[in-house]
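Here are some notes for a colleague who is new to this structure. They follow one sheet and the elements that lie across part of it.

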Amino acid sequence: MEFDRLLQIRRIYAQPAALELPRGQQIVARWPDADVVLVDSHWNIPDLHGDETNVPRWSRIKTEALVLGIKKSLTVKPNGRSADFIAPSTANGCAMACAYCYVPRHKGYSNPITVFANIDQIAATLERHATRQGLKLEPNQCDPELWVYDIGENSDCSVDALLSPNVEELVGLFRELPNAKLSFATKFVNREMLAWDHDGHTRIRFSLMPADLAKSIDVRTSPVVERLAAINDFVDAGYEVHVNFSPVVITDTWLADWEALLRQLDATLTEAAKAQLAAEVIFLTHNEQLHEVNLGWHPQAENVLWRPDLQESKTSSNGFNNVRYRSRAKAGYVRQLTGLIQDIAPYCRIRYAF
């Protein structure tokens with residue numbers, strides 16, 4: 001089973017306050033043989049975070065460790081790109097191990113899943129915020145009618161749903177909100193979600209990249225061909241399904257590889273799936289600290305991710321010093337890929353590309 005491959009929980013690091021809540025107790029009960037280690041902070045755990053000796057154990061830690069915490073910051077942040085708003089996270093970290101993931105830049109050398117037990121507070125915050133927003137009077141690229149809330153900024157909700165009902169409960173909440181829908185990107189196909197009652201107020205964005213590249217940098221994720229096939233099934237189940245072409249990584253054969261992927265997408269999707277399709281196109285952003293960490297556990301990924309000959313430093317909006325493809329060349333890459341999308345899959349509306 002995919003669950004057993006990703007998660008074999010042997011140790012649960014838990015804040016005492018999380019253990020007092022029903023969600024925390026429910027999760028601990030699922031793994032009665034796991035050691036429970038009390039911690040003051042879900043963020044700063046010496047065994048997991050910031051210890052460079054853990055680098056060779058990168059994937060093992062993701063498999064065997066789970067953190068239970070309390071989400072303190074319940075701020076709903078404006079976005080305007082993937083969604084109108086970024087919701088407070090119900091989880092942080094991931095059991096998958098994509099070599100380009102930004103979370104380790106912030107969290108340390110390992111980022112297993114942290115589940116937040118105070119789901120009731122998170123849900124109440126979102127309900128109040130959506131109620132204050134009222135009706136969406138002007139359409140935008142996020143959605144023409146409903147306010148869109150991204151609930152998966154720091155985790156993969158399809159995997160999170162294997163651990164607890166947090167994600168399904170938020171799907172149920174947004175089902176009842178007449179003016180809002182939730183959204184999240186995923187690299188994991190969780191078919192249990194096909195039976196959820198969402199009433200069309202959930203947008204799933206399957207992240208895609210050329211399959212051969214995904215084998216080397218999309219570590220522990222569902223195969224790209226499986227993600228492609230799942231689009232039709234989730235559309236049939238009433239979900240709105242978009243795609244993220246992300247991250248776009250420049251290689252010697254990148255454009256031919258993307259052409260092959262787009263033709264595979266076109267051949268796979270049903271007419272119903274094509275009729276509602278839209279895409280986000282996101283080129284790779286990397287980071288020197290993450291590059292150094294990756295050299296310790298997955299150095300072959302850096303052959304394509306770390307390209308000083310193509311990249312330049314740029315300070316992000318949150319103050320981090322990252323590397324991106326040089327701006328003038330990147331503008332050309334964007335034109336090439338968006339043009340290819342229009343040629344092969346003209347029904348796929350490009351919501352934004354950067």
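1. Two strands are said to pair if DSSP finds at least two bridges between them. In this predicted model, strands E10 and E11 run parallel and are joined by six bridges, and within that pairing leucine 208 has phenylalanine 245 of E11 as its bridge partner.

2. The wider setting is an open sheet of eight strands with mixed pairing, in the order E4-E5-E8-E9-E10-E11-E12-E16. Its edges are formed by strand E4 (77-78) and strand E16 (349-353), each of which pairs on one side only.

3. On one side of E10 (residues 202-208) comes strand E9 (residues 180-186), and these two strands pair in the parallel sense over five bridges. Here alanine 185 has arginine 205 in E10 as its bridge partner.

4. E11 also pairs with strand E12 (residues 278-283), again in the parallel sense, over four bridges, and valine 243 finds its bridge partner in alanine 279 of E12.

5. Which helices lie across E10 and E11? Helix H10 (residues 224-236) lies across E10 and strand E11 (240-248), and runs at about 160° to E10. Helix H11 (residues 254-268) likewise lies across E10 and E11, running at about 165° to E11.

6. Why can E11 be described as largely enclosed by the rest of the structure? Nine of the nine residues of E11 are buried, and the strand is therefore largely enclosed, where buried means under 20% relative accessible area.

Notes. Residues numbered from 1 in each chain as written. Predicted model: local features only at pLDDT ≥ 70, side-chain atom pairs only at ≥ 80, totals over all residues. Heavy atoms only, no water. Contact = heavy atoms within 4.5 Å. Axes fitted to C-alpha atoms, helices over the stretch in contact; angles between N-to-C directions. Buried < 20%, exposed > 50% of the residue type's maximum accessible area, 1.4 Å probe, protein only.
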